[in-house]
Amino acid sequence: VAKDSGKGQYAYYRSGMKTRVVEQATLLNGLRQALNERQLHLEYQPIVRLSDGAVIGVEALARWRDPTRGVVPPARFIPIAERSGLILPLGRWVLDQACRDASRWQRLDPVREQFTMHVNVSAHQLREPTFTADLHKALTDAGLNPAALVIELTETAMTDDPATVETVHAIRELGVRIALDDFGTGQSSLAILASCPVDVIKIDKSFVDQITGSDRHAAVARTVVQLANSLGMETVAEGVESAVQARHLHTMGYRQAQGFHFARPLVPDAVDLLLE
Ligand code: C2E
Ligand code: MG
Ligand code: MG
Ligand code: MG
């Protein structure tokens with residue numbers, strides 16, 4: 001494209017690239033500082049049971065509020081953290097903090113002892129040799145029952161390289177469950193289901209968005225829940241924004257859901273109030 005559109009365009013493209021590289025480097029420095037100075041925090045989005053709307057757990061979502069940049073969304077800083085390796089200390093912090101909060105909320109749990117904490121873990125973290133030991137320590141330090149924790153992995157993180165497969169097994173041996181996040185958006189969703197020990201499927205928002213408007217999407221979403229049931233897996237629908245979607249999903253057989261229709265991600269104090 002740059003070659004065809006003449007010299008001026010090419011120079012413009014180059015300077016755009018440079019700006020982007022500088023911007024990423026600045027963002028990385030800012031993120032490193034934010035992590036050291038504890039400017040990151042977690043918000044928690046409720047996960048509800050579709051049969052009665054009870055809050056049965058939450059998903060921890062990392063937040064970065066920078067004094068000059070304002071709120072930087074995870075879609076911007078998580079990829080930078082992954083490329084730089086900063087995701088390792090960041091991910092350890094998320095796990096520690098989420099386990100401590102979960103341990104408190106488990107005691108407030110209205111549905112008694114079923115409260116689950118979902119934590120996103122990236123491929124890079126999973127490949128770190130100390131991951132299982134760090135996870136064990138986070139649970140022990142927080143006094144959290146492993147059965148209350150769900151590790152969310154995307155299809156791209158669930159590769160079949162032996163080290164990853166071994167870690168996934170080790171996580172489950174601790175009694176922690178595994179959820180496949182953004183299900184249906186990857187390249188090999190079915191291959192993963194056939195070969196990996198997964199406890200929970202989270203069907204991606206892109207399917208939920210279309211279940212009321214597209215028969216084909218609805219058929220796929222229905223088949224996914226049937227597949228999950230026949231494999232003995234729990235199901236969560238992501239990004240539910242309307243009562244109509246919630247009803248459809250429940251009728252299809254989805255048991256749990258998450259989305260702005262039920263609740264936005266909340267600061268920890270708001271979760272305390274919700275559970276009390
Ligand atoms: P995710 O794990 O799929 O998390 C769900 C995302 O969907 C969250 O975005 C949540 O705020 C958003 N969401 C939930 N319900 C709705 C809805 O009804 N409508 C819409 N439009 N959005 C909804 P968020 O917090 O911006 O996070 C984006 C992604 O960043 C996450 O996607 C996850 O992949 C990643 N992420 C966030 N925190 C962490 C973390 O601590 N570690 C890692 N490795 N990744 C994280
Ligand atoms: Mg997730
Ligand atoms: Mg997701
Ligand atoms: Mg997603």
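Good morning. I begin at the surface, where Leu190, Leu227 and Leu231 make a nonpolar patch of about 270 Å². Patches here consist of residues with over 30% relative accessible area and no salt bridge, with like charges joined within 9 Å and nonpolar side chains (Val, Leu, Ile, Met, Phe, Trp, Tyr) within 5 Å. A salt bridge is a side-chain nitrogen of Lys or Arg within 4 Å of a carboxyl oxygen of Asp or Glu. Accessible areas come from the Shrake-Rupley method with a 1.4 Å probe, and for residues only the protein chains shown count as cover.

The model is predicted: local features need pLDDT of at least 70, side-chain atom pairs count only at pLDDT 80 or more, and totals for chains, interfaces and linings use all residues. Side-chain values use heavy atoms, without hydrogens and water, residues are numbered from 1 along each chain as its sequence is written, and chains are lettered from A and ligands numbered from 1 in the order in which they are written.

Within the patch, Leu231 sits in the loop between helix 9 (215-230) and strand 8 (234-237). Helices (H or I, at least four residues) and strands (E, at least two) are DSSP runs numbered from the N terminus. Leu231 counts as partly exposed because its relative accessibility is 44%; buried means under 20%, exposed over 50%, and partly exposed in between (1.4 Å probe, protein chains only).

I turn now to the metal site. The magnesium ion (ligand 2) has as protein donors Glu59 (OE), Asn120 (OD1), Glu152 (OE) and Asp181 (OD), at 2.0 to 2.2 Å. Glu59 belongs to strand 2 (residues 55-66) and Asn120 to strand 4 (residues 116-120), so this pair ties together parts 61 residues apart in sequence. Donors are N, O and S atoms within 2.8 Å of the metal (3.2 Å for Na, K and Ca); water is not among the atoms, so sites may look incomplete. Glu59 is buried at 4% relative accessibility, whereas Asn120 is partly exposed at 28%.

Which residue bridges the magnesium ion (ligand 2) and the magnesium ion (ligand 3)? Asp181 does, and the ions lie 3.7 Å apart.

For the magnesium ion (ligand 3), the protein donors are Asp181 (OD), Asp182 (OD) and two OE entries of Glu238, lying 1.9 to 2.8 Å from the ion. Asp181 lies in strand 6 (residues 177-183) and Glu238 in the loop between strand 8 and helix 10 (243-252), so the pair ties together parts 57 residues apart in sequence. Both Asp181 and Glu238 are buried.
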